[in-house]
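Work through the exercises below with the sequence and the model side by side. Try each task before reading its solution.

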Amino acid sequence: MSATIIRNGRVIDPANKRDEVGDLAIVDGRIAQRSEVRGQRSEIEEIDAKGLIVAPGLIDMHVHLREPGFSHKETIESGARAAAAGGFTTIVCMPNTSPAADNPATIAWIKDRAAQTACVNVLPTGAISKDLAGDELASIGSLAQAGVVAITDDGHCVQNHELMRRAVEYARMVGLPVLDHCQDYNLVGNGVVHEGYWSTLLGLPGWPAAGEEAIVMRNILLAELCDHQIHCQHISAAGSVRLIREARARGVKISGEVCPHHIALTDEAIQNFDTNFKMNPPLRSKTDVDALLEGIADGTLSILASDHAPHADFEKEVEFDAAPFGIVGLETELGLFLDLLVHKHRKSGRRGDTDSSRGEIDIVRLIEMYTVEPARLLRLDAGTLSVGAPADVTLIEPDLEWAVKIDKFQSASRNSPFDGWKLKGRAVRTIVGGKTVWKL
Ligand SMILES: [Zn+2]
């Protein structure tokens, strides 16, 4: 028997509409009644949470762990440590590994590896198409049986709408949500940055916003046709927000997520050709950033995630066109979102920096977007502090000012554009199944 009591924190549990200063009890890895702890004969661990927020363990539903196949970028073990250091108790990993997670054997391998090495919960997704090639459906039924929480071809996008329709229908039959990286290959071509002023000025191939919006629209049509959930990953464009808003108002089962870089930065940041500002979808214009913020504020975009995409230095340190897309995000996302959405304290002056002075949401909603929303979408037994739930808990110091230092990252990679940024608010302790797995 083990027991822990977290005292005097501000307990925010959006699933139970709880927001009050109080205690949280844990017995044998589960959230317990306060009275259950008193009956314990063993030693009781006490955690002083005065001045801290006690939240359900945060969930990041968009993470690339690179194992199997690319363990020089990240392993399940190092990625899980990065997650814990960022305040995450559950992460959902994408299937673009090598081999791709398009079959039950690879899913079993990932789950096994996670059970052996990861300090947080790692939930795999399966591919929509074989080898994420978009030609032939993966065996979605077997993937469901193997325990994936969703299907996605993230990093790629099924271009054939009929194939995608069948994927959504199969997913509906086996009860899995469909996640989609929205990119029309014909419209985007070899685009590497947002098509606009900066792409023209710098002579870099443009990735037009319409390349995302076209697939968001396709997904809305299919979600409606198949009456099943499609979740649009890492939304970056104003038009996508407008389409999702209109569709949700009609009751279509469509949702969207936001990554911190898409609201922290604009395409202006690419002018020094630093490949740590190269991501897919790309950094966009101030108009797009404003639309994303509006979408977050009015609930159109309901989920926050990192799109944690580790790459080794030697891979990123090449010319802009040739560098891989993506940045690491697990250890900076909570601070960035607290800063940008709740505090809005950052000063302007950094290149490509967005500047605004009003908060978009309160901290309760921010926690909800990292807990209740992804748990509902993926049907997880997580994201709540209900009695009996797994004791996954994140302690957050909302006003702690700190500086991002990439050389202190737990992640095996360092590809972040946020090195040196001063942020306000971060996780200070991460508890998984009642055990502290990381502490500041
Ligand atoms: Zn993606």
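**Exercise 1. Cavities**

Task: How many cavities of 30 Å³ or more does the structure hold? Then describe the second largest cavity: its volume, its lining and the elements behind that lining.

Solution.
Step 1. The structure holds three cavities of 30 Å³ or more. Keep in mind that this is a predicted model.
Step 2. Take the second largest cavity. Its volume is about 60 Å³.
Step 3. Find its lining. One stretch of the lining residues is Glu 331, Thr 332, Glu 333, Leu 334 and Gly 335. Ala 85 and Gly 86 also line this cavity. So do Trp 402, Arg 426 and Ala 427.
Step 4. Assign elements. Helix H2 (76–86), helix H13 (333–343) and strand E16 (422–432) each supply at least two lining residues. H13 gives the largest share, three residues.
Step 5. Sort the lining by class. The lining of the second largest cavity has four nonpolar, three polar and three charged residues.

**Exercise 2. The largest pocket**

Task: Which residues lie nearest the centre of the largest pocket? Give its volume as well, and the classes of its lining.

Solution.
Step 1. The largest pocket holds about 350 Å³ of space.
Step 2. Its lining is made of 17 residues. Arg 66, Asn 96, Gly 155, His 311 and Phe 325 lie nearest the centre.
Step 3. Now the classes. Nine lining residues of the largest pocket are polar, four are nonpolar and four are charged.

**Exercise 3. The overall fold**

Task: Why does the radius of gyration of the protein agree with that of a compact globule? Add the dimensions, the burial, the contacts and the surface.

Solution.
Step 1. Count the elements: the protein has 15 helices and 17 strands.
Step 2. Compare radii. A compact globule of 440 residues would have a radius of gyration near 22 Å, and the protein has 21 Å, so the two agree.
Step 3. Look at the box. Along the principal axes, the C-alpha atoms fill roughly 65 × 50 × 45 Å.
Step 4. Turn to burial. Of the 440 residues, 62% count as buried.
Step 5. Check the contacts. Among those with a separation of 6 or more, 76% join residues 24 or more positions apart.
Step 6. Finish with the surface. The accessible surface comes to about 16600 Å². Carbon and sulfur atoms account for 47% of that surface.

**Exercise 4. Two residues**

Task: Is Cys 232 buried or exposed? Ask the same of Asn 186: buried or exposed?

Solution.
Step 1. Locate Cys 232. It lies in strand E12 (residues 230–232).
Step 2. Apply the cut-off. Buried means under 20% relative accessible area. Cys 232 has 0%, so it is buried.
Step 3. List its partners beyond four places in sequence. Cys 232 touches Asp 180, Cys 182, Val 216, Asn 219 and Ile 244. It also touches Ile 254, Ser 255, Gly 256 and Glu 257.
Step 4. Check a distance. Cys 232 and Leu 301 are 69 residues apart along the chain, and their C-alpha atoms are separated by 9.5 Å.
Step 5. Move to Asn 186. This residue sits in helix H6 (residues 185–188).
Step 6. Exposed means over 50%. Asn 186 has 74% relative accessibility, so it counts as exposed.
Step 7. Check a second distance. The C-alpha atoms of Asn 186 and Val 37 are separated by 60 Å, with these positions 149 residues apart along the chain counted as their spacing.**Exercise 5. Backbone details**

Task: Where do Pro 99 and Pro 281 lie? Where are Phe 273 and Arg 379 found?

Solution.
Step 1. Begin with Pro 99. A cis peptide bond joins Ser 98 and Pro 99, with omega about 0 degrees. Pro 99 lies in the loop between strand E7 (88–93) and helix H3 (104–117).
Step 2. Go on to Pro 281. Asn 280 and Pro 281 are joined by a cis peptide bond, with omega about -5 degrees. The loop holding Pro 281 runs between helix H10 (261–264) and helix H11 (286–297).
Step 3. Phe 273 is in the loop between H10 and H11. It is not a glycine, yet its phi is positive, about 60 degrees. At 39% relative accessibility, Phe 273 counts as partly exposed.
Step 4. End with Arg 379. It is found in the loop between helix H15 (372–378) and strand E15 (393–403). Its phi is positive too, near 55 degrees. With a relative accessible area of 57%, Arg 379 is exposed.

Terms used. Residues are numbered from 1 along each chain as its sequence is written. This is a predicted model: local features need pLDDT of at least 70, side-chain atom pairs count only at pLDDT 80 or more; totals for chains, interfaces and linings use all residues. Side-chain values use heavy atoms; hydrogens and water are left out. On a 1 Å grid over the protein atoms alone, a cavity is a set of points where a 1.4 Å probe fits but cannot get out, and a pocket is an open set with protein on both sides within 12 Å along at least five of seven lines; lining residues have an atom within 4 Å of a point. Grid points are joined across faces, edges and corners, and a volume is the space filled by probe spheres set on the points. Ala, Val, Leu, Ile, Met, Phe, Trp, Tyr, Cys and Pro count as nonpolar, Asp, Glu, Lys and Arg as charged, and the others, Gly among them, as polar. Helices (H or I, at least four residues) and strands (E, at least two) are DSSP runs, numbered from the N terminus. The radius of gyration is taken over C-alpha atoms; the globule rule is 2.2 Å times the number of residues to the power 0.38. Buried means under 20% relative accessible area, exposed over 50%, partly exposed in between (1.4 Å probe, protein chains only). Contact means heavy atoms within 4.5 Å. Accessible areas come from the Shrake-Rupley method with a 1.4 Å probe; for residues, only the protein chains shown count as cover.
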